[in-house]
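Open the model in your viewer and keep the selection tool at hand. The tour goes from stop to stop, saying what to select and what is there.

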Amino acid sequence: MATSQDVSQAEHEKELHKASDIFVRALENENIKYIFGIPGEENLDLLDSLKGSPINLILTRHEQAAGFMAATVGRLTGHVGVCLSTLGPGATNFATAAAYAQLAGFPMMMITGQKPIRKSKQGSFQIVDIVENMRPVTKFTKQIADGDLIPSLVREAIRQAEEERPGAVHLELPEDIAGTMTEGEIFPVHPVRRPIAEEKAIRKAVNMIQAATNPLLLIGAGANRKRTQKMLQEFVDKLGIPFVTTQMGKGVITEAHPLYLGCCALSAMDYPHVCIEKADLIINVGHDVVEKPPFFMEHGKPPLVIHINFYSAKVDNVYFPQLEVIGDIANAIWQIKESTSHQSHWDYEYMLQTKRDMEIHMRIGVDDSSFPMVPQRVVADLRRAMPDDGVVCLDNGMYKIWFARCYKAYQPNTLLLDNALATMGAGLPSAIAVSLLYPQKKVVAVCGDGGFMMNSQEMETAMRLHLNLTVIILNDNAYGMIKWKQNHAGFSKFGLDLENPDFVAYARSYGAIGYRVTNADEYLKLLHECLFLSPHGVKLIEVPVKYEWANHILDKELPGLMEKKMEAVTTTISLALSEAAAIPKTMKLAAKELKPKKEVAIEMKGLEVDSVGPETDVTTCTEEIQGRPTLGATPEPVVYPFYIANKPLYPNSNLDVINKYNGKVFAKCALATHNDIDAAIDAAQKAFPAVAAMASYERKQVLETVVTEVKRRFEEFAVALCLEAGKPIRDSRGEVKRLIDTFSIAAEESIRISGEFSQMDISERAKGYQALVRRFPIGPISMISPFNFPLNLAAHKIAPALAVGCPFVLKPASRTPIGSLLLGEILSQCRLPEGAFSILPCSRDGAELFTIDERFKLVSFTGSPSVGWDIKEKAGKKKVILELGGNAACILEDIVPDMKTVVSRIIHGAFYQSGQSCISVQRVYIRKDLYELVKDELVKETHGLVKGDPLNEDTFIGPLIAESEAKRIENWVDKAVSNGARVLAGGKRDDSFYDATILENVSPDMEVHCEEVFGPVMELIAYDDFKYAVSEVNKSKFGLQAGVFTSDINKAFYAFQQLDVGGVVINDVPSMRIDSQPYGGVKDSGLGREGVKYAMEDMTEVRVMLLRNVGTL
Ligand SMILES: Cc1ncc(C[n+]2csc(CCOP(=O)(O)OP(=O)(O)O)c2C)c(N)n1
Ligand SMILES: [Mg+2]
């Protein structure tokens, strides 16, 4: 029988574990997911313990790359990344990666092996004192000399790695310790709350900001955290204070923001520095002196600086802030924001003008077609191709400056660059880590030929991990950055040219896909290919580049331009600010003579700081990469908000949006209720005075912002359209181009709204009268847009409304709401009075309010005739614009200019986007003697049309919007055929596809003739006499547009006069619409005209001012 002593001894023995097992359990307890590295024989126990662990061991081809990957995991998640190596040579290979993490503040832990410390038979073979080696590049470095200490040392190392300021830590696990039995207990992990900034510091910051004339926000690396980002965004939006960033602060607030003034990619003499020079106060958030200085402080000169960070500022020759607000950044910003109000004396005109100049200057080179390519175009095309949440990982080289200056980051951590150690070789490994963590994201590594070759062996790692990754090599056959500096310093060229391998063959040798750009236009196409079209995998694009011209801009042009701008800047520190900052009276305050601005009063409010406030950040570094996944890139539907009073809201995700090709739900969005619509109308009504009062240039700016943003997000819009409408990608791109046109026209028209002056003394009783006639915005507008052109037909309502100053509530078609919601996203970032717009997908019942609500002054509808005319009946006192359907006809009197063109235009007019257009060609009247010839050509051409996945570049015929529509068309065609019509081509349905179909011998009472087919069906009719053909066209109940091919000018004018339609197109199909033309129909086809200028007329009311005896003295 066992004694109690035996039992407790047995329990004791049960708790003994192998030290390496405990080590792995301690890591699991810390929620470590990956260990990157290369084990050596000293790690074999640890390797064995990892065998059964959920932790993934990621083998790399060099320890340095493993270190970069671990550091990147720390950078993106805020949670320590771990790497592993053997002793000596493996461990020394970690040194650069340790310095990279340590300097930049990325939490990272290195585990290295060591020979047995108790007894070793190998003398000093491979032994280097790694613990000491690591000391200058880590926060914590220790040898584990006792297995029992493993849990506490692992916990402590990770705590230190993650604590502000985060960095690198190191643990050495000797071989004999790893194999011992130990009884270590795992330590639980508790979240740590950060201290918050002291109230007095907050109050002082508020006083300084309010007393300043030009306070400017500077965002640095330390602000790159999720909650900080939210608070900073609110700070900027509430106060209207503009911001610049450091290289590592890019993307914290979207750089599409109108108050973004640029990135300090250089330390001086760039556009943001002009703004810094103009500022009398810099609110410097998250800045760390390890980053290359974004600006230089000088004693006795403005600007003053408030340093806001988790830790205090290291005093430096160029950085010695006057106020430090130390504590959780998000909380500090929130407190300051709550207590600060916008000051009417803040004056940003000069800074905003500088931003406008910068935007113009940054366009230089973006479309340059020279080859080898210039870096400006390399950056611009990548931005054009990348989705907002795509991640670009830079290596170090000359291009980094161009990316930092010109690549606009729209979300945090979407441009990963290193401006602390600025090491070469980290680009590819960091991209591998991002791709591993976020497989659904588009990830691109951008490296120079020099930097790529430093860790190019990791191509094998990327291949082995089956990553989806694109590597761009900017090849100048040189260490270009150093060449630039060599030249700049006046040295002659020497020692920096390289000879490279064949990069395409090199990629292929790993099993990756390799491309080489051979002209500038090819680059964007290859980017699309790699990012969106080619299968999942590793792709490499070699891009020959040349830096000379770009260097010249940096060396000569920019400093020249900036000198002039700097001369125009005068900054003084006002007395109010000096008092708020409590600067000693003896200090000389301004570069120029101190001009106290007495009128700047300091509002000393009772600055009580609400102690509730948002909670402090509990993580220690950057959290998840933010943002919506790329459409189509994930199996999960992407969720979109709707917009009420300019704000995105996610009250539900009740509306499923179907990919019309595969029938799967690819997106969801919020569906509005009756109350939501009511709230939106209310907001629009309240916003009307403010929207109407916007200056022309302000309305123009909004419209121009939409143009810029849509251009930037071109492919995203096109893909969304392709998926939601089933519109072939080429047609989708065409529609996005038209949307850009529509908004561009509106931007121009918005500043051309003029009136007239009239002499009024037309009779005795009107003697002495004259008049001014002007147009005024009509009021809130109700808009209902259709599914067939979800973007451009919404644009034809939105753009003119914004151009004249009318608030609006838009109901996009519920089958295709995404395009409008993307537009809403852009508008929500524009400077528009609150309530200026709402975009609300809703069910049919909800739509009733759009028609009947009397707060609307105009309803603009595009859609089917039956719904349209019903709206008119119910619309009450409001104006009604209806763009309805048609059964458009085309008369072929002569072959102009040649058969090939005529046939291809008719085919295009009849079948593009499967005939789902109000002006698609439905009836073709062909002169009898041409009939057979033209018929044969049309049929031949129709057989060659490619049907299939709309995302495929070759597809011409995509699916119809719904299978029910395809069935309706099938039924109409079948009925016609059973009553004598003949099918010349097509005539078949395949699920939601309907073949491009040509009919003849159709009689006038058949639906395919007299109704709107809204599908890919056309009929051919032979005629003898031109006048007869015109009268036949007019027999339709519709009258939208008609096309006439004729070389006889008299016939052209005859058609123009006689055809009862809204538009006659000579020598082309009726399907042609130019976005500036008046567009609309007569009879059942509608009421009123769209086309920006004409819609603007409808959206305004004429008002006259009669003036009696004015001007007589
Ligand atoms: C590990 C490392 N070695 C050297 C440097 C110094 N350095 C900075 S940029 C650069 C040249 C980079 O050449 P490449 O990668 O071809 O890019 P390029 O400047 O030509 O575009 C060098 C040598 C560095 N930053 N890191
Ligand atoms: Mg190079």
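Is Ser 914 buried or exposed? Select Ser 914 to begin; the model you are looking at is predicted. Ser 914 has a relative accessible area of 1%. The cut-off for buried is under 20% relative accessible area, so Ser 914 is buried. Show the backbone as well: Ser 914 has a positive phi of about 55°, although it is not a glycine. The loop that holds Ser 914 runs between α33 (899–911) and β34 (923–927).

**Stop two: ligand 1**

Select ligand 1 and display the residues around it. The shell consists of 19 residues, and the closest are Asp 449, Gly 451, Gly 480, Met 481 and Tyr 547. By type, the shell has 10 nonpolar residues, seven polar and two charged.

Now turn on the backbone atoms and look for polar contacts with the oxygen atoms of ligand 1. A polar backbone atom of Gly 480 is 2.7 Å from an oxygen atom of ligand 1. For Met 481, a backbone N or O atom lies 2.8 Å from an oxygen atom of the ligand. Ala 478 also has a polar backbone atom at 3.0 Å from an oxygen atom of ligand 1.

How much of ligand 1 does the protein bury? Taken alone, ligand 1 exposes 590 Å², and the protein buries 78% of that. Colour helices α18 (449–454) and α20 (480–488) next, as these are the elements that give two or more residues to the shell. Helix α18 gives the most, with four residues.

**Stop three: the magnesium ion**

Select ligand 2, the magnesium ion. Which residues coordinate it? The donors are Asp 449 (OD), Asp 476 (OD) and Ala 478 (O), at 2.0 to 2.1 Å. Their spacing in sequence is D-x26-D-x1-A. Asp 449 is in helix α18, while Asp 476 is in the loop between β18 (469–475) and α20; the two are 27 residues apart, and the pair links distant parts of the chain.

Two residues from this stop also appeared at the previous one. Asp 449 is among the residues closest to ligand 1, and Ala 478 has the backbone contact with ligand 1 at 3.0 Å.

Check the accessibility of the two aspartates. Asp 449 has a relative accessible area of 2% and is buried. Asp 476 has 18% relative accessibility and counts as buried too.

**Stop four: helix α6**

Select residues 95–104, which form helix α6. Why can this helix be called largely enclosed by the rest of the structure? Seven of its 10 residues are buried, so the description fits. The buried ones are Ala 97, Ala 98, Ala 99, Tyr 100, Ala 101, Gln 102 and Ala 104. To see what they pack against, show α4 (63–77), β5 (108–114), α7 (130–134), β7 (168–174) and α17 (427–437). Just after the helix, select Gly 105, which takes a positive phi of about 85°.

**Stop five: two cis peptide bonds**

Go to Glu 164 and Arg 165. The peptide bond from Glu 164 to Arg 165 is cis, with omega near -15°. Arg 165 lies in the loop between α8 (150–162) and β7, the strand that appeared in the packing around α6.

Then select Pro 302 and Pro 303. The peptide bond from Pro 302 to Pro 303 is cis as well, with omega near 0°. Pro 303 is found in the loop between β12 (281–285) and β13 (304–309).

**Stop six: Asn 1034 and Lys 1083**

Select Asn 1034, which is in helix α37 (residues 1026–1034). Its relative accessible area is 22%, so Asn 1034 is partly exposed. Apart from its neighbours within four places in sequence, Asn 1034 is in contact with Gln 1058, Leu 1059, Asp 1060 and Lys 1083. Draw a distance from the side chain of Asn 1034 to the backbone oxygen of Gln 1058: the value is 2.9 Å. For a second distance, use C-alpha atoms: those of Asn 1034 and Ile 306 are separated by 74 Å, and the residues are 728 apart along the chain.

Finish on one of the contacts of Asn 1034, Lys 1083. Lys 1083 lies in strand β43 (residues 1082–1083). Its phi is positive, about 50°, although Lys 1083 is not a glycine. At 30% relative accessibility, Lys 1083 counts as partly exposed, whereas Ser 914, where the tour began, is buried.

Definitions and conventions: Residues are numbered from 1 along each chain as its sequence is written. Chains are lettered from A and ligands numbered from 1 in the order in which they are written. This is a predicted model: local features need pLDDT of at least 70, side-chain atom pairs count only at pLDDT 80 or more; totals for chains, interfaces and linings use all residues. Side-chain values use heavy atoms; hydrogens and water are left out. A residue is near a molecule or strand if one of its heavy atoms lies within 4 Å of it. A polar contact is a pair of N or O atoms within 3.5 Å; within protein, one must be able to donate a hydrogen and the other to accept it, and residues adjacent in sequence count only if both atoms are side-chain atoms. Accessible areas come from the Shrake-Rupley method with a 1.4 Å probe; for residues, only the protein chains shown count as cover. Ala, Val, Leu, Ile, Met, Phe, Trp, Tyr, Cys and Pro count as nonpolar, Asp, Glu, Lys and Arg as charged, and the others, Gly among them, as polar. Donors are N, O and S atoms within 2.8 Å of the metal (3.2 Å for Na, K and Ca); water is not among the atoms, so sites may look incomplete. Buried means under 20% relative accessible area, exposed over 50%, partly exposed in between (1.4 Å probe, protein chains only). Contact means heavy atoms within 4.5 Å.
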